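Here is a short tour for anyone who likes to read a fold strand by strand. Have the viewer ready, and we will go from strand pairing to the ligand.

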Amino acid sequence: MTNHKIIIFNPKSANSKHRIPNSILQVGASVHGKYDYVFIDGNLEQDPWQTIANYLKTGEFKYFGSTVMPGPQLLEAIPFTKKIKTLFPDIITIWGGYFASNQYKVSLESGYVDYIVNGPGDQTFPELINTLESNRKEDTIHIKNLIFKNNNGEIIKTATEALLDQDSLPKFPYEYLNTFYPVKNYLAKTFMGSKTLSYHSSMGCPFSCSFCAVVPIYNARWKGMSAARIYEDIKYFKEKYQIDAVEFHDNNFFTSKKRVLEFSELIKNDNINYWGEGRIDTLNMYSDDELKFMRKAGCRMIFLGAETGNDKILKQMNKGGTQTGQMIKDFVLRMKNADIIPELSFVLGLPAVTEKEVYDQILWDINFIKEIKEINPKAEIIIYLYSPVPTEGSELYQQIIDAGFSFPSTLEDWISPSWENFDLRKNPLTPWLKPYMIDTIKNFETVLNGYYPTASDFRIKGWKKRLLQLPSSIRYKTGIYNYPYEIKLMHKIWKYRQPEIEGFYSE
Ligand code: B12
Ligand code: SF4
């Protein structure tokens, strides 16, 4: 291979115990054997900028590709890409991932991001490199899933490619990744097992919830690998690295019941626990026996978007399907009987006509969460503050624009501390959500996490758990959530890990 080389970069996404970087592995797979490339994982580098600069100084590289999800990854993706354009202006910069695809305008307007891969890059990326390597820049317009600026400075969004048959995609270059970073270091000890693999087995989601970042990219499309193909990879990791747990990172792992049951059948004798994300109304169509069978096969916990117990708000969110508040309650009981832990995420702080309505709904959902805990105390609760995503054309998006919300107008603004908190859904900066409302939600969340510490942080048990529960139980039962400093202090001392921010606690 005599072509120019490519850097494929995964900006730092968590402070410790890192997961295998599937996004860049899949991008690497798309050019593997065709172009020379290197992986840089910001999670595992002491000084990732130095590593990037050292490669670029060789003069052998022409392309810098970075995956970019919102939140902490921006803290490296933005300044590094900017620096590359200043110090090495001939390098072509290419971004992909959820932030890049959803916030493509601000990314391209920065002047230092040349191309954005909009959604799957499996064909787009190699085609782009081919086109640029053969000096046919004018042909980029024919490459699907691409966004860039033309010579007149206009933003061009090319046609969307149909989702590819996932079994036909090349295998991930795990062995090649191993030459940069030992793959075994990515297999973490979690509450499910001593070596946990993160795996991604499908693209997109068949629904179109108006608050979800998957929708603008996939538009209700979903395609998954077959159970046999998933199992093949898991078998490889079991034989080579002795894994005993898998976390599926799919947006909607349980979309196809047939696939889930086939997979459970294949894995049932392997002693491997698994976790995945799904929808309540989809899983509610599984029978009790099927849920119990999945549990037997290793399914320990399922992440479910409950969002709210209020049917009217579920409609406002365009949740689709058939989910209702009553169904959430019924389903957590079925999960209790099947012995699978439901991990329910709620989205609080949606816009409403009056300030009072916004606050009343928050208090209503807090009560609903308490009802859920009564039905199934093992149910895990994840609370997000509603952060708008640009689902243009949706009623909810129009409502938030009308209420005075707008996204930052420069990439640099995205890394200001307040917008970083927006990404982490800690402070969404939405004009209708007042500081006292955020306090109520945050304080309730602290008390809830004190009274019911997540099972996924397996360090908080025994006396630690009892000590944490002592003040929390009084607060939880009396509804006095204000100033829960004693609980916060214990969380701080024991470095309590919220799974929604950094993934499950792992060692
Ligand atoms: C794993 C994961 C994490 C891990 C990261 C682990 C790691 N390895 O670094 C952790 C737990 C740290 C994490 C955290 C967060 N995450 Co996250 N995460 C994911 C998840 C579940 C999987 C990502 C993945 O590996 N996908 C598999 C790969 C193969 O798919 P892909 O990334 O889409 O890649 C394809 C294309 O996008 C494209 N592509 C991607 N990158 C690139 C780069 C180049 C150069 C090219 C050419 C193409 C390309 O080609 C790929 C192959 O086709 C996604 C959801 C999902 N299913 O993707 C959410 C997701 C990306 N996360 C999300 C969010 C919001 C967060 C948080 C901000 C949430 C929070 N409240 O705290 C935090 C903070 C982020 C941080 N710390 O940086 C959102 C983004 C939403 C949005 N508004 O854009 C998602 C979509 C989940 C969701 N549905 O809400 N996350
Ligand atoms: S079901 Fe989940 S992943 Fe699918 S659109 Fe709704 S929130 Fe997004």
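In which sense do β1 and strand β2 pair, and over how many bridges? They pair in the parallel sense, and five bridges link them. Please keep in mind that this is a predicted model.

**Around β1**

Within the β1–β2 pair, I7 stands opposite V38, which belongs to β2. To get from β1 to β2, the chain passes through α1, and this β-α-β crossover is right-handed. β1 also has β3 as a partner: the two run parallel and are joined by five bridges. If you would like a position to click on, take K5, whose bridge partner in β3 is F61. Strand β1, covering residues 5-10, is mostly covered, with five of its six residues buried.

The parallel pairs described in this report can be set side by side:

| Strand pair | Bridges | Example of facing residues |
|---|---|---|
| β1 and β2 (residues 37-41) | five bridges | I7 and V38 |
| β1 and β3 | five bridges | K5 and F61 |
| β12 (residues 245-248) and β13 (residues 273-278) | three bridges | V246 and Y274 |

**The seven-stranded sheet**

The last pair in the table takes us to an open sheet of seven strands, whose order is β8-β9-β12-β13-β14-β15-β16 and whose pairing is mixed. At its edges are β8 (188-190) and β16 (380-385); each has a single partner strand, so one side of each is left without a neighbour in the sheet. From one strand to the next, the twist averages 25°. Inside this sheet, β12 and β13 pair in the parallel sense over three bridges, and V246 has Y274 of β13 as its bridge partner.

**The shell around ligand 1**

Now for the ligand. There are 43 residues around ligand 1, and those that come nearest are G65, T67, G96, G121 and A213. Two or more shell residues come from each of α1 (22-31), β3 (61-67), β4 (92-96), α4 (98-102) and α22 (499-502). Which of the elements gives the most to this shell? It is α1, with four residues, and α1 is also the helix through which the chain crosses from β1 to β2.

By residue type, the shell around ligand 1 divides into 18 nonpolar, 18 polar and seven charged residues. Why does ligand 1 lie between domain 1 and domain 2? Both domain 1 (5-157) and domain 2 (187-433) give residues to the shell, so ligand 1 lies between them.

Methods. Residues are numbered from 1 along each chain as its sequence is written. Chains are lettered from A and ligands numbered from 1 in the order in which they are written. This is a predicted model: local features need pLDDT of at least 70, side-chain atom pairs count only at pLDDT 80 or more; totals for chains, interfaces and linings use all residues. A residue is near a molecule or strand if its C-beta atom, placed from the backbone, lies within 6 Å of it. Ala, Val, Leu, Ile, Met, Phe, Trp, Tyr, Cys and Pro count as nonpolar, Asp, Glu, Lys and Arg as charged, and the others, Gly among them, as polar. Domain bounds come from an automatic or database domain assignment. A residue is buried if 20 or more other C-beta atoms lie within 10 Å of its own, exposed if 12 or fewer, and partly exposed in between; C-beta atoms are placed from the backbone. Two strands pair if DSSP finds at least two bridges between them. A crossover is right-handed if, with the strands pointing away from the viewer, the path from the first strand over the helix to the second runs clockwise. Axes are lines fitted to C-alpha atoms, for helices over the stretch in contact, and angles run from 0 to 180 degrees between N-to-C directions.
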